[in-house]
Amino acid sequence: MLFVDGYLFGEEKFVEEIREQLISGTYHPLPARRKEIPKPDGKLRPLGIPVIRDRVAQMATKLVIEPIFETDFKEFSYGFRPKRDAKGAIRHIRRAVRKGVYWVVDVDISGYFDNIPHEKLMKLVEQRISDRRILKLIRKWLKAGFVKDNQFHETELGSPQGGVISPLLANIYLNYLDTVWENKFTELGTLVRYADDLVVLCRTKEQALKSIDVLKAVFGKLELQMNTTKSKLINLWDDKVGFDFLGMHHRKIPKQVKGEDRNMLRSYPSKKAMKKMKEKVKEVTEPRNRLFWTMNKMVEELNPKIQGWRNYYAMDSFADLFLNKIDWYIRKRLMLFWNKKRNGRKKHSNFRVTGVIATRSGLKKLVG
(Lines give C-alpha, C1' and ligand atoms only; values in the text may rest on other atoms or scores of the structure.)
Protein backbone atom coordinates (compact mmCIF):
# COMPACT_ATOMS: atom_id res chain seq x y z
CA MET A 1 0.00 0.00 0.00
CA LEU A 2 1.29 3.47 -0.89
CA PHE A 3 0.22 6.60 1.03
CA VAL A 4 0.73 9.97 -0.65
CA ASP A 5 -0.89 13.13 0.79
CA GLY A 6 -3.37 10.98 2.73
CA TYR A 7 -4.48 8.89 -0.27
CA LEU A 8 -4.36 5.11 -0.18
CA PHE A 9 -3.38 4.09 -3.69
CA GLY A 10 -3.76 0.37 -2.99
CA GLU A 11 -7.52 0.75 -2.50
CA GLU A 12 -7.85 3.02 -5.52
CA LYS A 13 -6.07 0.47 -7.67
CA PHE A 14 -8.31 -2.31 -6.31
CA VAL A 15 -11.50 -0.38 -7.20
CA GLU A 16 -10.11 0.59 -10.61
CA GLU A 17 -9.40 -3.07 -11.43
CA ILE A 18 -13.01 -3.98 -10.60
CA ARG A 19 -14.27 -1.14 -12.77
CA GLU A 20 -12.15 -2.26 -15.72
CA GLN A 21 -13.36 -5.86 -15.38
CA LEU A 22 -16.99 -4.71 -15.29
CA ILE A 23 -16.56 -2.50 -18.36
CA SER A 24 -14.65 -5.12 -20.36
CA GLY A 25 -17.02 -7.94 -19.39
CA THR A 26 -14.22 -10.03 -17.86
CA TYR A 27 -15.66 -9.83 -14.33
CA HIS A 28 -16.70 -13.20 -12.89
CA PRO A 29 -17.77 -13.59 -9.25
CA LEU A 30 -16.18 -16.21 -7.05
CA PRO A 31 -18.28 -18.71 -5.07
CA ALA A 32 -19.49 -17.33 -1.73
CA ARG A 33 -18.05 -18.76 1.47
CA ARG A 34 -20.80 -20.68 3.27
CA LYS A 35 -21.07 -20.07 6.98
CA GLU A 36 -23.84 -21.54 9.13
CA ILE A 37 -25.13 -19.55 12.09
CA PRO A 38 -27.02 -21.36 14.90
CA LYS A 39 -30.69 -20.35 15.23
CA PRO A 40 -32.62 -20.30 18.53
CA ASP A 41 -34.58 -23.40 17.47
CA GLY A 42 -31.36 -25.39 17.11
CA LYS A 43 -31.30 -25.28 13.30
CA LEU A 44 -28.64 -23.52 11.25
CA ARG A 45 -29.06 -20.38 9.16
CA PRO A 46 -26.83 -20.55 6.04
CA LEU A 47 -24.99 -17.36 5.11
CA GLY A 48 -23.19 -16.94 1.79
CA ILE A 49 -20.40 -14.42 2.24
CA PRO A 50 -18.94 -13.11 -1.05
CA VAL A 51 -15.29 -12.04 -1.34
CA ILE A 52 -14.59 -8.31 -0.95
CA ARG A 53 -14.30 -7.74 -4.70
CA ASP A 54 -17.78 -9.15 -5.27
CA ARG A 55 -19.23 -7.18 -2.37
CA VAL A 56 -17.88 -3.96 -3.87
CA ALA A 57 -19.38 -4.80 -7.27
CA GLN A 58 -22.72 -5.71 -5.68
CA MET A 59 -22.82 -2.48 -3.68
CA ALA A 60 -22.10 -0.40 -6.80
CA THR A 61 -24.92 -2.17 -8.65
CA LYS A 62 -27.30 -1.83 -5.72
CA LEU A 63 -26.69 1.93 -5.51
CA VAL A 64 -27.69 2.26 -9.17
CA ILE A 65 -30.79 0.04 -9.31
CA GLU A 66 -32.26 0.37 -5.81
CA PRO A 67 -33.86 3.81 -6.43
CA ILE A 68 -35.61 2.37 -9.49
CA PHE A 69 -37.29 -0.37 -7.46
CA GLU A 70 -37.96 1.91 -4.49
CA THR A 71 -40.58 3.69 -6.59
CA ASP A 72 -42.48 0.36 -6.84
CA PHE A 73 -42.15 -0.84 -3.25
CA LYS A 74 -45.18 -0.41 -0.99
CA GLU A 75 -45.64 1.67 2.15
CA PHE A 76 -46.25 -1.45 4.25
CA SER A 77 -42.87 -2.98 3.31
CA TYR A 78 -40.13 -2.10 5.82
CA GLY A 79 -37.25 -4.57 5.62
CA PHE A 80 -33.84 -3.59 4.22
CA ARG A 81 -35.02 -0.34 2.69
CA PRO A 82 -33.57 3.18 2.96
CA LYS A 83 -35.00 5.22 5.87
CA ARG A 84 -37.29 2.36 6.92
CA ASP A 85 -36.79 -0.02 9.83
CA ALA A 86 -38.36 -2.60 12.12
CA LYS A 87 -39.67 0.04 14.53
CA GLY A 88 -41.59 1.60 11.64
CA ALA A 89 -43.21 -1.77 10.94
CA ILE A 90 -44.18 -2.12 14.61
CA ARG A 91 -45.70 1.38 14.65
CA HIS A 92 -47.66 0.43 11.51
CA ILE A 93 -49.09 -2.58 13.34
CA ARG A 94 -50.03 -0.52 16.40
CA ARG A 95 -51.83 2.06 14.23
CA ALA A 96 -53.81 -0.66 12.46
CA VAL A 97 -54.83 -2.34 15.71
CA ARG A 98 -56.09 0.96 17.15
CA LYS A 99 -58.50 1.16 14.19
CA GLY A 100 -60.05 -2.18 15.11
CA VAL A 101 -58.12 -5.42 14.59
CA TYR A 102 -59.08 -8.61 16.38
CA TRP A 103 -57.43 -11.33 14.30
CA VAL A 104 -53.81 -11.62 13.18
CA VAL A 105 -52.34 -13.94 10.57
CA ASP A 106 -48.69 -14.40 11.54
CA VAL A 107 -46.86 -15.89 8.55
CA ASP A 108 -43.54 -17.67 8.25
CA ILE A 109 -42.15 -18.58 4.82
CA SER A 110 -40.16 -21.83 4.73
CA GLY A 111 -36.51 -21.11 3.87
CA TYR A 112 -37.36 -18.00 1.88
CA PHE A 113 -33.90 -16.81 0.82
CA ASP A 114 -32.84 -20.34 -0.14
CA ASN A 115 -35.88 -21.08 -2.30
CA ILE A 116 -36.30 -18.05 -4.56
CA PRO A 117 -36.53 -19.39 -8.17
CA HIS A 118 -33.92 -17.58 -10.27
CA GLU A 119 -35.93 -17.35 -13.48
CA LYS A 120 -39.04 -15.91 -11.85
CA LEU A 121 -36.92 -13.44 -9.91
CA MET A 122 -35.14 -12.34 -13.09
CA LYS A 123 -38.47 -11.80 -14.88
CA LEU A 124 -39.46 -9.38 -12.13
CA VAL A 125 -36.08 -7.63 -12.33
CA GLU A 126 -36.38 -7.36 -16.12
CA GLN A 127 -39.69 -5.51 -15.77
CA ARG A 128 -37.72 -2.49 -14.50
CA ILE A 129 -34.13 -3.06 -15.72
CA SER A 130 -33.38 -3.35 -19.42
CA ASP A 131 -29.58 -2.97 -19.31
CA ARG A 132 -28.25 -6.38 -20.31
CA ARG A 133 -24.98 -5.84 -18.49
CA ILE A 134 -26.78 -5.36 -15.17
CA LEU A 135 -29.05 -8.35 -15.80
CA LYS A 136 -26.04 -10.50 -16.66
CA LEU A 137 -24.29 -9.44 -13.45
CA ILE A 138 -27.26 -10.38 -11.29
CA ARG A 139 -27.52 -13.77 -12.99
CA LYS A 140 -23.83 -14.38 -12.34
CA TRP A 141 -24.22 -13.61 -8.63
CA LEU A 142 -27.23 -15.91 -8.36
CA LYS A 143 -25.38 -18.74 -10.11
CA ALA A 144 -21.98 -18.21 -8.45
CA GLY A 145 -22.47 -21.10 -6.02
CA PHE A 146 -20.78 -21.49 -2.66
CA VAL A 147 -17.91 -23.28 -0.99
CA LYS A 148 -18.45 -25.31 2.15
CA ASP A 149 -15.75 -27.47 3.74
CA ASN A 150 -13.54 -26.78 0.70
CA GLN A 151 -16.15 -28.27 -1.63
CA PHE A 152 -17.95 -26.29 -4.35
CA HIS A 153 -21.75 -26.39 -4.54
CA GLU A 154 -23.84 -25.04 -7.42
CA THR A 155 -26.85 -22.80 -6.69
CA GLU A 156 -29.97 -23.47 -8.72
CA LEU A 157 -32.29 -21.74 -6.24
CA GLY A 158 -32.10 -18.86 -3.81
CA SER A 159 -30.37 -15.57 -3.19
CA PRO A 160 -27.76 -16.18 -0.49
CA GLN A 161 -28.10 -14.28 2.78
CA GLY A 162 -24.89 -12.39 3.33
CA GLY A 163 -24.63 -10.89 -0.14
CA VAL A 164 -24.92 -7.11 -0.37
CA ILE A 165 -27.54 -7.24 -3.12
CA SER A 166 -29.53 -10.20 -1.73
CA PRO A 167 -31.92 -8.15 0.50
CA LEU A 168 -32.88 -5.98 -2.49
CA LEU A 169 -33.51 -9.03 -4.68
CA ALA A 170 -35.58 -10.60 -1.88
CA ASN A 171 -37.71 -7.45 -1.66
CA ILE A 172 -38.15 -7.38 -5.44
CA TYR A 173 -39.49 -10.92 -5.38
CA LEU A 174 -41.96 -10.42 -2.53
CA ASN A 175 -43.07 -7.08 -3.97
CA TYR A 176 -45.19 -9.25 -6.26
CA LEU A 177 -47.16 -10.30 -3.16
CA ASP A 178 -47.36 -6.69 -1.95
CA THR A 179 -48.68 -5.51 -5.32
CA VAL A 180 -51.32 -8.25 -5.56
CA TRP A 181 -52.46 -7.50 -2.01
CA GLU A 182 -52.64 -3.74 -2.55
CA ASN A 183 -54.56 -4.10 -5.83
CA LYS A 184 -57.07 -6.77 -4.82
CA PHE A 185 -57.20 -7.69 -1.14
CA THR A 186 -56.80 -4.65 1.14
CA GLU A 187 -60.40 -5.10 2.27
CA LEU A 188 -59.35 -8.35 3.97
CA GLY A 189 -56.86 -6.63 6.25
CA THR A 190 -53.64 -4.68 6.66
CA LEU A 191 -50.48 -6.39 5.42
CA VAL A 192 -47.23 -5.42 7.16
CA ARG A 193 -44.01 -6.97 5.84
CA TYR A 194 -40.40 -6.84 6.97
CA ALA A 195 -38.36 -8.82 4.40
CA ASP A 196 -39.78 -12.37 4.68
CA ASP A 197 -41.55 -11.75 8.01
CA LEU A 198 -45.14 -10.63 7.57
CA VAL A 199 -48.46 -10.31 9.35
CA VAL A 200 -52.00 -9.58 8.16
CA LEU A 201 -54.20 -7.64 10.60
CA CYS A 202 -57.91 -8.36 10.18
CA ARG A 203 -61.18 -7.29 11.79
CA THR A 204 -62.90 -10.67 11.59
CA LYS A 205 -61.97 -14.33 11.65
CA GLU A 206 -63.59 -14.77 8.23
CA GLN A 207 -61.26 -12.14 6.76
CA ALA A 208 -58.28 -13.80 8.43
CA LEU A 209 -59.14 -17.23 6.99
CA LYS A 210 -59.60 -15.73 3.52
CA SER A 211 -56.25 -13.97 3.90
CA ILE A 212 -54.56 -17.32 4.56
CA ASP A 213 -56.06 -18.74 1.36
CA VAL A 214 -54.89 -15.70 -0.63
CA LEU A 215 -51.36 -15.92 0.79
CA LYS A 216 -51.11 -19.63 0.01
CA ALA A 217 -52.27 -19.00 -3.56
CA VAL A 218 -49.73 -16.20 -4.12
CA PHE A 219 -46.95 -18.24 -2.53
CA GLY A 220 -47.87 -21.06 -4.91
CA LYS A 221 -47.30 -18.77 -7.90
CA LEU A 222 -43.99 -17.68 -6.40
CA GLU A 223 -43.00 -21.33 -5.74
CA LEU A 224 -42.75 -20.64 -2.03
CA GLN A 225 -44.35 -22.44 0.91
CA MET A 226 -45.99 -21.17 4.06
CA ASN A 227 -44.45 -22.82 7.11
CA THR A 228 -47.62 -24.21 8.68
CA THR A 229 -45.76 -25.16 11.87
CA LYS A 230 -44.62 -21.61 12.64
CA SER A 231 -47.47 -19.66 11.01
CA LYS A 232 -50.36 -18.86 13.34
CA LEU A 233 -53.86 -17.43 13.49
CA ILE A 234 -54.21 -15.30 16.63
CA ASN A 235 -57.33 -13.91 18.28
CA LEU A 236 -56.39 -10.53 19.75
CA TRP A 237 -59.73 -9.96 21.47
CA ASP A 238 -58.34 -10.11 25.02
CA ASP A 239 -55.04 -10.56 26.90
CA LYS A 240 -54.89 -14.34 26.54
CA VAL A 241 -52.93 -14.64 23.28
CA GLY A 242 -50.42 -12.46 21.43
CA PHE A 243 -47.89 -12.84 18.65
CA ASP A 244 -44.15 -12.33 18.19
CA PHE A 245 -42.96 -10.06 15.40
CA LEU A 246 -39.50 -8.50 14.93
CA GLY A 247 -38.27 -9.31 18.42
CA MET A 248 -41.38 -7.95 20.15
CA HIS A 249 -44.35 -9.71 21.67
CA HIS A 250 -47.60 -7.91 20.85
CA ARG A 251 -50.65 -8.48 23.01
CA LYS A 252 -53.81 -6.64 24.06
CA ILE A 253 -53.60 -5.93 27.78
CA PRO A 254 -56.14 -4.17 30.03
CA LYS A 255 -55.34 -0.52 30.76
CA GLN A 256 -57.24 2.08 32.71
CA VAL A 257 -58.48 4.80 30.36
CA LYS A 258 -60.73 7.48 31.89
CA GLY A 259 -61.76 5.21 34.72
CA GLU A 260 -62.54 2.09 32.67
CA ASP A 261 -60.56 -0.95 31.54
CA ARG A 262 -59.73 -1.13 27.85
CA ASN A 263 -57.74 -3.81 26.07
CA MET A 264 -54.88 -2.00 24.34
CA LEU A 265 -52.07 -3.45 22.26
CA ARG A 266 -48.78 -3.41 24.14
CA SER A 267 -45.39 -4.29 22.65
CA TYR A 268 -42.53 -5.62 24.72
CA PRO A 269 -39.47 -7.90 24.27
CA SER A 270 -40.37 -11.45 23.30
CA LYS A 271 -39.10 -14.40 25.34
CA LYS A 272 -36.65 -15.17 22.55
CA ALA A 273 -35.36 -11.58 22.59
CA MET A 274 -35.00 -11.62 26.39
CA LYS A 275 -32.99 -14.85 26.21
CA LYS A 276 -30.77 -13.41 23.48
CA MET A 277 -30.05 -10.26 25.49
CA LYS A 278 -29.02 -12.34 28.51
CA GLU A 279 -26.76 -14.47 26.32
CA LYS A 280 -25.03 -11.33 24.97
CA VAL A 281 -24.45 -10.04 28.50
CA LYS A 282 -23.04 -13.40 29.58
CA GLU A 283 -20.73 -13.50 26.55
CA VAL A 284 -19.21 -10.21 27.70
CA THR A 285 -18.97 -10.89 31.44
CA GLU A 286 -18.22 -14.63 31.74
CA PRO A 287 -14.80 -15.29 30.05
CA ARG A 288 -12.11 -15.83 32.68
CA ASN A 289 -9.53 -14.08 30.54
CA ARG A 290 -11.43 -10.85 31.20
CA LEU A 291 -10.99 -10.96 34.97
CA PHE A 292 -8.06 -8.58 34.59
CA TRP A 293 -10.44 -5.98 33.11
CA THR A 294 -11.40 -3.03 35.25
CA MET A 295 -15.05 -2.31 35.96
CA ASN A 296 -14.71 0.72 33.68
CA LYS A 297 -13.57 -1.52 30.83
CA MET A 298 -16.43 -3.98 31.39
CA VAL A 299 -18.98 -1.17 31.49
CA GLU A 300 -17.48 0.34 28.33
CA GLU A 301 -18.04 -2.99 26.56
CA LEU A 302 -21.63 -3.36 27.80
CA ASN A 303 -22.91 0.18 27.29
CA PRO A 304 -23.26 0.14 23.46
CA LYS A 305 -25.34 -3.06 23.71
CA ILE A 306 -27.52 -1.60 26.46
CA GLN A 307 -28.06 1.60 24.47
CA GLY A 308 -28.96 -0.38 21.35
CA TRP A 309 -31.54 -2.48 23.23
CA ARG A 310 -32.96 0.62 24.88
CA ASN A 311 -33.30 2.42 21.54
CA TYR A 312 -35.24 -0.50 20.09
CA TYR A 313 -37.27 -2.04 22.89
CA ALA A 314 -38.22 1.00 24.98
CA MET A 315 -40.89 2.22 22.57
CA ASP A 316 -43.72 1.15 24.91
CA SER A 317 -43.74 1.98 28.63
CA PHE A 318 -45.11 -1.51 29.32
CA ALA A 319 -41.77 -2.89 28.12
CA ASP A 320 -40.12 -1.43 31.24
CA LEU A 321 -41.41 -4.40 33.27
CA PHE A 322 -39.28 -6.71 31.12
CA LEU A 323 -36.30 -4.42 30.55
CA ASN A 324 -35.98 -4.05 34.34
CA LYS A 325 -35.29 -7.79 34.44
CA ILE A 326 -32.40 -7.34 32.01
CA ASP A 327 -31.03 -4.43 34.09
CA TRP A 328 -31.13 -6.70 37.13
CA TYR A 329 -29.45 -9.52 35.20
CA ILE A 330 -26.65 -7.20 34.03
CA ARG A 331 -25.95 -6.17 37.62
CA LYS A 332 -26.00 -9.81 38.72
CA ARG A 333 -23.42 -10.71 36.05
CA LEU A 334 -21.27 -7.73 37.06
CA MET A 335 -21.46 -8.87 40.69
CA LEU A 336 -20.18 -12.33 39.69
CA PHE A 337 -17.44 -10.73 37.59
CA TRP A 338 -16.37 -8.44 40.44
CA ASN A 339 -16.31 -11.19 43.09
CA LYS A 340 -14.33 -13.55 40.85
CA LYS A 341 -11.92 -10.75 40.05
CA ARG A 342 -11.32 -10.15 43.76
CA ASN A 343 -11.09 -13.91 44.45
CA GLY A 344 -14.11 -13.64 46.71
CA ARG A 345 -15.40 -16.89 48.16
CA LYS A 346 -18.98 -15.68 48.16
CA LYS A 347 -19.71 -15.16 44.49
CA HIS A 348 -23.24 -13.91 45.16
CA SER A 349 -22.40 -11.28 47.76
CA ASN A 350 -21.95 -7.50 47.45
CA PHE A 351 -24.78 -7.05 44.94
CA ARG A 352 -25.50 -3.53 46.17
CA VAL A 353 -21.84 -2.51 46.39
CA THR A 354 -21.16 -3.83 42.89
CA GLY A 355 -24.16 -1.89 41.59
CA VAL A 356 -22.77 1.34 43.05
CA ILE A 357 -19.33 0.68 41.53
CA ALA A 358 -20.86 -0.07 38.11
CA THR A 359 -23.02 3.07 38.26
CA ARG A 360 -19.98 5.21 39.12
CA SER A 361 -18.21 3.60 36.17
CA GLY A 362 -20.97 4.95 33.92
CA LEU A 363 -23.14 1.85 33.44
CA LYS A 364 -26.24 2.70 31.41
CA LYS A 365 -29.70 1.35 32.21
CA LEU A 366 -32.46 0.06 29.99
CA VAL A 367 -35.05 1.70 32.21
CA GLY A 368 -34.88 5.16 33.76
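Is Met298 buried or exposed? Met298 is buried, because its relative accessible area is 0%, and buried means under 20%. The structure shown here is a predicted model. This report starts from Met298, then turns to the whole chain, its salt bridges and its surface.

## Around Met298

Met298 sits in helix H9. Leaving aside residues up to four places away in sequence, Met298 touches Val284, Thr285, Arg290, Trp293, Leu334 and Phe337. Take Phe337 from that list. Met298 and Phe337 are 39 residues apart in sequence. In space, their C-alpha atoms are 9.2 Å apart.

## The chain as a whole

The protein chain has 11 helices and 13 strands. Its C-alpha trace spans about 65 × 65 × 40 Å along the principal axes. The chain holds 368 residues, and 46% of them are buried. Met298 is one of the buried residues.

How do contacts spread along the sequence? Consider contacts with a separation of 6 or more. Residues 24 or more positions apart account for 65% of these.

The accessible surface of the chain is about 20,800 Å². Carbon and sulfur atoms own 52% of that surface. Charge is carried by 73 positive and 44 negative side chains. The centres of these two sets lie 8 Å apart.

## Salt bridges

How many salt bridges does the count come to? The count is 18. Three of the pairs are set out here.

| Pair | Closest N to O distance | Burial |
|---|---|---|
| Arg19 and Glu16 | 2.8 Å | Arg19 partly exposed, 43%; Glu16 partly exposed, 30% |
| Lys62 and Glu66 | 3.3 Å | Lys62 buried; Glu66 buried |
| Asp316 and Arg266 | 2.9 Å | Asp316 buried; Arg266 buried |

Start with Arg19 and Glu16. Both lie in helix H1, which covers residues 9-24. They are 3 residues apart, so about one helical turn separates them. Arg19 is partly exposed because its relative accessible area is 43%. Glu16 is also partly exposed, at 30% relative accessibility.

Next come Lys62 and Glu66, in helix H2 (residues 52-70). These two are 4 residues apart, so about one helical turn lies between them. Lys62 and Glu66 are both buried.

The pair of Asp316 and Arg266 has its closest N and O 2.9 Å apart. Asp316 lies in the loop between helix H9 (295-313) and helix H10 (320-341), and Arg266 lies in strand E13 (residues 260-269), so the salt bridge ties together parts that are 50 residues apart in sequence. Asp316 and Arg266 are both buried. Arg94 joins the picture too: Arg94, Arg266 and Asp316 are linked in a network of salt bridges.

## Arg251 in strand E12

Arg266 also appears among the contacts of Arg251. Arg251 lies in strand E12, residues 248-257. With 22% relative accessibility, Arg251 counts as partly exposed. Which residues does Arg251 touch, not counting residues up to four places away in sequence? They are Asp239, Lys240, Val241, Gly242, Met264, Leu265, Arg266 and Tyr268. Met226 gives another reference point. Arg251 and Met226 are 25 residues apart in sequence, and their C-alpha atoms are 23 Å apart in space.

## Two surface patches

One patch is positive. Arg45, Lys232, Lys272, Lys276 and Lys280 form this patch. Which helix gives the most to the positive patch? Helix H8 (residues 271-285) does, with 3 residues. Arg45 is found in strand E4, residues 44-49. Arg45 counts as partly exposed because its relative accessibility is 35%.

The other patch is nonpolar. Phe14, Val15, Ile52 and Val56 make this patch, which is about 310 Å². H1 and H2 each supply at least two of its residues. Ile52 has its place in helix H2. With a relative accessible area of 52%, Ile52 is exposed, because exposed means over 50%.

H1 and H2 therefore appear twice in this report. H1 holds the Arg19 and Glu16 pair, and H2 holds the Lys62 and Glu66 pair. Both helices also supply residues to the nonpolar patch.

Terms used:
Residues are numbered from 1 along each chain as its sequence is written. This is a predicted model: local features need pLDDT of at least 70, side-chain atom pairs count only at pLDDT 80 or more; totals for chains, interfaces and linings use all residues. Side-chain values use heavy atoms; hydrogens and water are left out. Patches are made of residues with over 30% relative accessible area and no salt bridge: like charges are joined within 9 Å, nonpolar side chains (Val, Leu, Ile, Met, Phe, Trp, Tyr) within 5 Å. Accessible areas come from the Shrake-Rupley method with a 1.4 Å probe; for residues, only the protein chains shown count as cover. A salt bridge is a side-chain nitrogen of Lys or Arg within 4 Å of a carboxyl oxygen of Asp or Glu. Lys and Arg count as positive and Asp and Glu as negative; His and the chain ends are not counted. The place of a charge is taken as NZ of Lys, CZ of Arg, CG of Asp or CD of Glu. Buried means under 20% relative accessible area, exposed over 50%, partly exposed in between (1.4 Å probe, protein chains only). Contact means heavy atoms within 4.5 Å.
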